[in-house]
Amino acid sequence: MSKKNEGNLFCGIKDPHNIEVLKKQIHCHLLTFQGRDPEFVRSRDVYQALAYTLRDLLIENWIKTQRINYTKKKKRVYYLSLEFLIGRTLGNTLINLGLYEEVDAALKSLGYDLDEIREVEEDAALGNGGLGRLAACFMDSMATLGLPAYGYGIRYEFGIFYQMLLNGHQVESPDDWLRYGTPWEFQRPHHMFPVHFYGQVKHYEDKAGNKKVEWIDTEEVMAMACDYLIPGYRNEHVNNMRLWTAKASRNLDLSYFNRGDYISAVQGKVKSETLSKVLYPSDDIREGQELRLRQQYFFVAATLQDIFRRYKKKNESFDQFSDKIAIQLNDTHPAIAIPELMRIFVDIEGLEWEKAWDICIDTFGFTNHTLMPEALETWSVDTLGRVLPRHLEIIYNINHRFLLEVQKRFPGNLDMQKKLSLIEEGHVRKVRMAPLAIIGSHSINGVAELHSTLLRTRIFKDYYEMLPERFNNKTNGITQRRWLLKSNTDLAGLITDTIGDAWVTNLDHLRELEPYSEDSKFQKKWARAKKNRKTKLAKFIRRECGVTVDPDSMFDVHVKRIHEYKRQLLNILHVIHFYHWIVNNPGKRVVPRTVIFGGKAAPSYFKAKLIIRLINSVADVVNNDSRADGILKVVFIPNYGVSLAESIIPAADLSEQISTAGTEASGTGNMKFALNGALTIGTLDGANIEIREEVGEENIFIFGMTAEEVEKERKTPSRSPKDIYTSNDEVRRTIHSIRNGFFCNGDKGEFRPLADGLMDPHDPYLLLRDFEDYVRCQKEVSRAYRDEKSWWRKSILNVARIGKFSTDRTIREYAEDIWGIKV
């Protein structure tokens, strides 16, 4: 190793000296940092020592990155998200640092297996699904593209719950991902900020006669920064994700303690630190709703104080604030940042309202992630006014000034003013947070072409009419470094051996695979890579679920959050239909299937949890019926998360993306499956439309109504569920077997809510309306799977043409179109 590279392990050169340095660092951390005898250590000790070794390398480059950002006076991006679904960090860090092989060799020399060590790490499940996983992918791409970016959120002590199955029912337990601590974290007690709640607002005039406002008599909670370092891919650029943890401003009330009231002595500490305990407390009770609001303000208030601290290091006025700072709101959860920024500017820094508002709009961008009305967040005026009284005043002022603009634009149109008001009038008056984010941001983007179109034409039609120049689309993506290079080494290795590794940082290079799609030798290698992943998953299913599945069967996979609009129920209806066909047609040639489900239902979401129970009940019947043996197996893999996805997705043959058209904003699971060579069966919803455009309609299986047809069907039904039930024997048999207790030992009541929902003429998700075409499409899938050469050609072309859906592309568009940063 040259002197230039001495002490710099980022060079990735595999030589004995480099490996010896790694071994010494691991040994040193075991001995001096962890206080462990290297002769008597467990896998967890080695994992932590390795993580600390890598963290040493990360912090050195993080400091370099920060110095460059300050020296070059770069504009910084602040990405605010209530969720960051990080998963495990070790493998991704090794790949991005270019040290995977060196560490593997070092551990083998020490007598340890890297794969075994990686399994020790807990998933950081600080998110619920696509929103949080997208945020994590964005952080990877921002670092890889060299952007000066920060992710801000909450360091939840307990992430999304740990899911267990008990007699087929979902049972939740705390996800204690920090039980052993985490070696990836830098706690920053020197970055501790006060956050205030409740109290009252004092209006007064100063000695010069200027009107002043002060928020007084508040409760105070401290927010402490915890940093997690995010390396770019082999570029020595390291960003950080700063997550806030709540600390009491006073840990112990001695007056209570000395009176023997020990519970009251720590009650304030417990209440304060509840803020960062749990991701998404249940909001079906008032206390849960209030806690969610406090969580959102907690991380927003701390973040803005941190942003101001950093900005004021080099700036004396706010004239360049929006030239140096871009804040992106990841959905409506951080929207309270808009009145908070105005409060800081007007109440604390003394700016005039008009100037502060102009800076505010230029600073914020807002990404909407949903088409579901219930997900468009609102807060009751009473709750917001009690928890954040000054912010409610500011929102009223924002609303008043905006409605004056509306009046100018639409004179005399009181209906338009009512539609565009931030305050929803009714029995309970509410503040609408999505419109607040729209009014306070210079950019409002959807996350797929269809989604953005529906925002403009349906969801926010009136706001689009008022502010058309602010609306745009930024189709979601995924990071290929985690979702192919890391999670599917068999396929990634084959691709790199064939076309080189340029695809790792420019996914468009996968197009170079197209000429190989007809090559029989290459197809066999491709099929072998898929078979390897299926065999691994089959072993996992046998070990964890007790079900033996055949790797030669089609792996039909449906893994995502359990929700009615995602239509896991439609999938299990097809499974029941297929099972009946098998029983009634013994000996007929059929393509064997293993249908794999996974996903979590919100703890208070009764119907979603009942769907999980139905899936497991159907699995119990099917898997124990000898007539279906070797033809159909059904598996529900519990506790689906990022690490499980990295095992399941590479093994999939068929990707289920079957939401009701017009309900899924984008989806990113569809992209991950296609990147790993699975073919999609889906509706024309979310990003499925753009995937079809890219891969070719002959390489994807589309069924069901379009979003326009769904809208029309809801208004004027062409066929009712009763009509379909009456006219179709297969539909009738399928629903009857659910209703009559066939899958629950004769209990006719257990699944009746699902059967009744299917027959409801006002079913918002139109399951029976799409069921017949779904069955037709599944038959088409089976015919296609029989033709191996054609199937592998389709699989290869899906991967070759998926290059658009990289978060590297998405982030470039955000940077150049929204944040004003040239990449």
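In which loop is E236 found? The loop between β10 and β11 (238-248) holds E236. This and the views below show a predicted model.

**View A. E236 is a residue with positive phi that is not a glycine.** Its phi is about 60°. Most residues other than glycine have a negative phi. E236 has a relative accessible area of 39%. That value makes E236 partly exposed, because partly exposed runs between the buried limit, under 20%, and the exposed limit, over 50%.

**View B. N639 also carries a positive phi without being a glycine.** Phi of N639 is near 60°. The residue sits in the loop between β21 (632-636) and α24 (642-648). N639 is partly exposed, with a relative accessible area of 21%.

**View C. The largest cavity holds about 260 Å³ of space.** The structure has 4 cavities of 30 Å³ or more. A total of 21 residues line the largest cavity. Closest to its centre are I86, T89, N92, I230 and R482. Four elements, α2 (43-71), α3 (90-97), α6 (130-144) and β10 (219-231), each supply at least two lining residues. By class, the lining of the largest cavity has 11 nonpolar, 5 polar and 5 charged residues.

**View D. The second largest cavity holds about 170 Å³ of space.** Its lining is made of 16 residues. Y47, E121, E122, W177 and T182 lie nearest the centre. α2 and β2 (84-87) each give at least two residues to this lining. The most come from α2, with 3 residues. The lining of the second largest cavity divides into 8 nonpolar, 5 polar and 3 charged residues. Helix α2 also supplies at least two residues to the lining of the largest cavity, shown in View C.

**View E. Helix α6 packs against helix α33 (residues 807-819).** The angle is about 80°, and the axes are 9 Å apart. That makes α6 roughly perpendicular to α33. From α6, the residues in contact are L134, C137, F138, S141 and M142. From α33, they are T807, D808, T810, I811, Y814 and W819. By class, this contact has 7 nonpolar, 3 polar and 1 charged residues. Helix α6 is also one of the elements that supply at least two residues to the lining of the largest cavity.

**View F. The second largest pocket has a volume of about 520 Å³.** The pocket is lined by 16 residues. Nearest its centre are K211, K212, V213, V346 and L351. β9 (211-216), α11 and α14 each supply at least two lining residues. Helix α14 provides the largest share, 5 residues. The lining of the second largest pocket counts 5 nonpolar, 4 polar and 7 charged residues.

**View G. Helix α12 (residues 353-363) has a set of buried residues.** They are W353, A356, W357, I359, C360, I361 and T363. Their cover includes three helices that precede or follow in the numbering: α11 (337-348), α14 (389-409) and α16 (433-439). Also included are α10 (321-324) and the strands β12 (325-330) and β13 (364-367). Both α11 and α14 supply at least two residues to the lining of the pocket in View F.

**View H. F345 is a buried residue of α11.** F345 lies in helix α11. Its relative accessibility is 0%, so F345 counts as buried. Leaving aside neighbours within four places in sequence, F345 is in contact with F308, F318, F321, G350, L351, A356 and I359. Of these contacts, A356 and I359 are among the buried residues of α12. L351 is one of the residues nearest the centre of the second largest pocket. Q267 is 78 residues from F345 in sequence. The C-alpha to C-alpha distance between F345 and Q267 is 34 Å.

**View I. E711 and P764 are 9.9 Å apart, C-alpha to C-alpha.** In sequence, E711 and P764 are 53 residues apart. E711 belongs to helix α27 (residues 707-715). E711 is partly exposed, with a relative accessible area of 25%.

Terms used. Residues are numbered from 1 along each chain as its sequence is written. This is a predicted model: local features need pLDDT of at least 70, side-chain atom pairs count only at pLDDT 80 or more; totals for chains, interfaces and linings use all residues. Side-chain values use heavy atoms; hydrogens and water are left out. On a 1 Å grid over the protein atoms alone, a cavity is a set of points where a 1.4 Å probe fits but cannot get out, and a pocket is an open set with protein on both sides within 12 Å along at least five of seven lines; lining residues have an atom within 4 Å of a point. Grid points are joined across faces, edges and corners, and a volume is the space filled by probe spheres set on the points. Ala, Val, Leu, Ile, Met, Phe, Trp, Tyr, Cys and Pro count as nonpolar, Asp, Glu, Lys and Arg as charged, and the others, Gly among them, as polar. Axes are lines fitted to C-alpha atoms, for helices over the stretch in contact, and angles run from 0 to 180 degrees between N-to-C directions. Angles under 35 degrees count as roughly parallel, over 145 as roughly antiparallel, 65 to 115 as roughly perpendicular and the rest as oblique. Contact means heavy atoms within 4.5 Å. Buried means under 20% relative accessible area, exposed over 50%, partly exposed in between (1.4 Å probe, protein chains only).
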